[in-house]
Amino acid sequence: MKKNFLTQSELQIVEDYADKLFKDIGIDVEFTYHFFKRVNDLRNKKQITKEELMELFKDTRQKFGSKIEELGADAQAVLHDIDSNINMPFVLKWDGKELDLIAKTVLRKKNFLTSNKKFSV
């Protein structure tokens with residue numbers, strides 16, 4: 001494992017930040033255990049940072065916030081940062097009071113292919 005890997009507490013900071021960004025449109029952000037494992041994976045070549053993830057959420061909220069909300073429950077899509085090549089596949093689930101944006105995994109990869117909608121920032 002790399003020495004500057006992301007810790008659970010740092011990932012919690014990112015999640016809290018993203019929750020605040022999306023709160024006004026009724027979206028709660030969550031990370032899976034697989035996400036935590038993959039964010040520190042050596043296959044990313046360069047460590048994915050807390051700052052990169054926060055920037056991805058900020059830019060996504062500004063550009064696509066309401067479009068993501070309109071996808072509705074059980075929709076799947078990918079957040080994509082053009083500059084850093086970070087890809088974050090997610091699913092939206094209705095929890096009875098709000099939509100949960102569940103980030104399933106994350107990876108740094110050029111030309112990430114998916115059949116799901118891609119939100120590129």
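## Salt bridges, core and helix H1

At 51% relative accessibility, Asp 74 counts as exposed in this predicted model, because the threshold for that class is over 50%. The side chain of Asp 74 meets that of Lys 93 in a salt bridge, with 3.0 Å from N to O. Since Lys 93 belongs to strand S3 while Asp 74 sits in the loop between H3 and S2, the pair ties together parts that are 19 residues apart in sequence. Lys 93, for its part, is partly exposed, its relative accessible area being 37%.

That pair is one of the 7 salt bridges found by a search of the whole structure. Elsewhere, salt bridges that share partners join Arg 38, Asp 41 and Arg 43 into one network. Within this network, Asp 41 meets Arg 43 at 2.8 Å, N to O, and Asp 41 also meets Arg 38, here at 4.0 Å, N to O. The latter value can be read against the criterion for a salt bridge, which asks for a nitrogen within 4 Å of a carboxyl oxygen. The members of the network are not alike in their surroundings: Arg 38 is buried, with a relative accessible area of 11%, and Asp 41 is buried as well, at 18%, whereas Arg 43 is exposed, at 56%.

From these charged side chains we can turn to the nonpolar ones. In soluble globular proteins, nonpolar side chains tend to be buried together. In this model the largest nonpolar core has 32 residues, and those with the most contacts inside it are Phe 35, Leu 53, Phe 57, Ile 68 and Met 88. Two or more residues are given to this core by each of the helices H1 (8-22), H2 (33-39) and H3 (50-71), and likewise by each of the strands S1 (27-31), S2 (76-81), S3 (86-94) and S4 (99-103). The element that gives the most is H3, with 6 residues.

Phe 35 offers a useful point from which to look into the core. At 0% relative accessibility, Phe 35 counts as buried, and, once its neighbours within four places in sequence are left aside, its contacts are with Leu 11, Leu 53, Met 88, Ala 103, Lys 104, Thr 105 and Val 106. Phe 35 also takes part in the aromatic pairs, of which the structure holds 4. The ring centres of Phe 31 and Phe 35 are 4.4 Å apart and their planes lie at 25°, so the pair is stacked, the limit for stacking being under 30 degrees. Phe 31 counts as buried too, at 15% relative accessibility. Ring pairs extend the arrangement further, linking Phe 22, Phe 31, Phe 35 and Phe 57 into a cluster.

Phe 22 leads the reader to H1, where the residues Leu 11, Val 14, Glu 15, Ala 18, Asp 19 and Phe 22 are buried. Viewed down the axis of H1, these buried residues fall within an arc of 140°, so they line one face of the helix. That buried set packs against S1, H2 and H3, whereas on the other side of H1 the residues Ser 9 and Lys 20 are exposed. The length of the helix can be checked as well: at 1.5 Å a residue, the 15 residues of H1 should span 21 Å, and its end C-alpha atoms are 21 Å apart, which agrees.

Notes: Residues are numbered from 1 along each chain as its sequence is written. This is a predicted model: local features need pLDDT of at least 70, side-chain atom pairs count only at pLDDT 80 or more; totals for chains, interfaces and linings use all residues. Side-chain values use heavy atoms; hydrogens and water are left out. A nonpolar core is a set of buried Ala, Val, Leu, Ile, Met, Phe, Trp, Tyr and Cys residues joined through side-chain atoms within 4.5 Å. Buried means under 20% relative accessible area, exposed over 50%, partly exposed in between (1.4 Å probe, protein chains only). Helices (H or I, at least four residues) and strands (E, at least two) are DSSP runs, numbered from the N terminus. Contact means heavy atoms within 4.5 Å. The expected span of a helix is 1.5 Å times one less than its number of residues. The arc is that of the directions from the helix axis to the C-beta atoms. Rings of Phe, Tyr and Trp (its six-membered ring) pair if their centres lie within 6.5 Å; planes under 30 degrees apart count as stacked, over 60 as edge-to-face and the rest as tilted.
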